[in-house]
Amino acid sequence: MAGDHYFLELEPPAERLRHAPHVVIVGGGFAGIQACRALAQSEVRITLIDKRNFNLFQPLLYQVATGLVASGDIATPLRELVGKQPNVQILLGEVTQLIPAEHQIVFNGKTFSYDHLVLATGSGSSFFGKDNWRTFAPPMKILEHAEEIRRRLLMAMEQAEQTPDPEARQFLQTVVVIGSGPSGCEMAGAASRMLRWSLKDAYQQLDPTKTRILLIDPGETVLRSMPEELSKQALLALQKAGVEFLQQSRVESMRPGEVVVSTPDGEQCIRAATVIWTAGVRASHLGHALEATTGCSLDRGGRVVVESDFSIASYPEIRIAGDLCSYSHTKDGQPLPGMAAPAKQAGSFIGKDIAAVVAGRPRPKFQYLDLGSMAIVDGSSAVADLRGLKFSGLIGVLLWAGVHLGLIHDMQQRVSLATKWIFSLLTRQRASMLLTGMPSQHMALNAADAHFPMRSGEGPSIASPDAALQAAMEYYSKEISGLSNTQEPNTQKSNTQELIDTNEDSAADSAAAIK
Ligand SMILES: Cc1cc2nc3c(=O)[nH]c(=O)nc-3n(C[C@H](O)[C@H](O)[C@H](O)COP(=O)(O)OP(=O)(O)OC[C@H]3O[C@@H](n4cnc5c(N)ncnc54)[C@H](O)[C@@H]3O)c2cc1C
């Protein structure tokens, strides 16, 4: 037992809990928070560990990326959410190692013990082994990704405004979104609405309605997990919003400014200043750490295969919830989808089950309530499949808005989001179109290059394009318009080449910082 390691050597919150079992929850996402709350009345000491100090509502990341809402509208500090719960201690840090045989985890460089462990560390993005693409095409998993995408979209428009050559301008006004699942469709639709509709009259030189948004997918239609009828409606709504869908197109290679796809008609080279990746998901790396130390099974996506109570074989004290688990003990034997509702239900069940185990009460059984799926493809059109009932258009939007506001924990955020959505529909205006951050603080540059934004005269100007956009612009002037590079070809490498050369390092750096 973990008696002498309770609360990570800190004082327990109440004397009566001094010898209570210690539950360690890793990850304050949908699943972790629910597990924590379900244990509120239980005689346990909970330590909630997360590498961020906030809970992120990932389904609305694309709205931050397209300036519709602010970062603070979709993220809530963990201390606000569960900090007042008397049996909870919240600690900021990253769990890096698991020692299940000793009931221990390694956290902030120290080893700590638990009686019950809940792993709910979610998932990250996968580039299918091509991690060097990460710097050219940011994924959308964390707040920094969304802010990075917004910066790239707005910076490309600013550069386009200053570019007299219409073709170069078109290049800067071309956005490629890779992957046509719910995230890709939402991102493409929202990017189109932001660039072609909200900014329609905002520039003097360029015509925002000429912005091209290309959605690329190997499949024949969008939203393939949805019923065919809804996929078709979603595609029509996207096309109406100005999104071009490139079906049966698989990305083969990428470099700044260029995406090469294979299609049934052969290879096609797409030139675009901004590329966004929504195609792949991989489970948190703690799944592999658990496999190495317990021999548990992982599925193809790296998710931990769990028993009917979300534990792993031979380790009943370890539970896995949310995107990190592969749970197939459902009526139809299909694994739970990697979505918010199943994560919440699993977290809630695990909390209740641990409470029952601790109190010696009969244990509950998990029953998954499938609430269906939905996606918003344009501000005025969404599709929803709610347990066989299909909705689209404006009714779909209202349902989508109701469900998403219901999932948001914080009342102030609900009001803020609803107000911003309505205001934007009525006025086209977006609340958070700020071009913030230094180029050197962003992906594709090493941390050593980073300069404090206020120190003018040193490092890149705060108004410079990011390295990725700079490289894309160089690619354009060199490869397409045939203009010679300003640097001597044999004496000094171009920035583009440097970016490609250092790509692995940069990708590793940014992957570490922005995973
Ligand atoms: C762009 C996007 C759009 C989406 N849209 C929808 C949607 O419309 N509807 C829907 O139902 N679902 C949607 N999802 C999926 C949904 O967000 C996830 O299924 C859900 O967040 C999973 O919850 P979780 O608790 O497992 O993980 P998360 O919510 O990801 O939480 C994991 C937590 O663990 C922390 N963590 C990770 N590693 C460590 C570590 N080593 N140490 C400490 N802490 C760690 C993280 O900081 C994070 O707070 C979307 C996801 C994305 C990325």
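## Working through the fold

The protein chain carries 14 helices and 25 strands. Keep in mind that this is a predicted model.

**Exercise 1. Work out how much of the protein chain is buried, and what share of its contacts spans 24 or more positions.**

Start with burial: 48% of the 515 residues count as buried. Next, take the contacts with a separation of 6 or more; 64% of them link residues 24 or more positions apart.

**Exercise 2. Find the largest nonpolar core and say which domains feed it.**

Step one is the head count: the largest nonpolar core has 85 residues. Step two is to pick out the residues with the most contacts inside this core, which are Val177, Ile178, Ala191, Leu215, Ala234, Leu238 and Val383. Step three is the domains: domain 2 (131-279 + 372-427) and domain 3 (439-513) each supply at least three residues to this core. To finish, look for another core: a second, separate one has 52 residues, including Ile25, Ile49, Val88 and Ile90.

**Exercise 3. List what Ile178 touches, leaving out residues up to four places away in sequence.**

Go along the chain. Before Ile178 there is Ala137, and after it come Gly184, Ile216 and Val251. Then there's a run to tick off: Val275, Ile276, Trp277, Thr278 and Ala279.

**Exercise 4. Describe strand β23 and how it is joined to β24.**

First, check its cover: β23 (residues 373-378) has five of its six residues buried, so call it mostly covered. Second, look at the pairing: β23 and β24 (residues 381-386) run antiparallel, with five bridges between them. Third, follow the chain from β23 to β24, and you pass through a hairpin of two residues. For a spot check on the register, find Ser373, which sits opposite Asp385 of β24.

**Exercise 5. Characterise the shell around the ligand, then explain why the ligand lies between two domains.**

Count first: 33 residues surround the ligand, and the closest are Gly27, Gly29, Gly122, Gly322 and Met339. Now ask which elements give two or more residues to that shell: α1 (30-38), β2 (45-50), α6 (182-198) and α9 (340-359). Sorting the shell by class gives 16 nonpolar, eleven polar and six charged residues. The placement follows from the domains: domain 1 (3-51 + 93-125 + 282-359) and domain 2 (131-279 + 372-427) both contribute to the shell, so the ligand lies between them.

**Exercise 6. Take His103 and Asn108, give the phi of each, and decide whether each is buried or partly exposed.**

Begin with His103, in the loop between β6 (95-99) and β7 (104-107). Its phi is near 55 degrees, a positive value in a residue other than glycine. His103 has 20 other C-beta atoms within 10 Å, so it's buried. Burial takes 20 or more such atoms.

Now Asn108, in the loop between β7 and β8 (110-113). Phi is positive here too, near 50 degrees, and again the residue is not glycine. Asn108 has 13 other C-beta atoms within 10 Å, so it's partly exposed.

**Exercise 7. Locate Thr436, classify its exposure and give its C-alpha separation from Leu154.**

Thr436 belongs to the loop between α11 (411-427) and α12 (467-480). Thr436 has 12 C-beta neighbours inside 10 Å, so it counts as exposed. Last, the separation: Thr436 and Leu154 are 282 residues apart along the chain, yet 10.0 Å separates their C-alpha atoms.

Key: Residues numbered from 1 in each chain as written. Predicted model: local features only at pLDDT ≥ 70, side-chain atom pairs only at ≥ 80, totals over all residues. Core = buried A, V, L, I, M, F, W, Y, C linked by C-beta atoms within 7 Å. Domains from an automatic or database assignment. Contact = placed C-beta atoms within 7 Å. Helix = DSSP H or I, 4+ residues; strand = E, 2+ residues; numbered from the N terminus. Pairing = 2+ DSSP bridges. Near = placed C-beta within 6 Å. Nonpolar A, V, L, I, M, F, W, Y, C, P; charged D, E, K, R; others polar.
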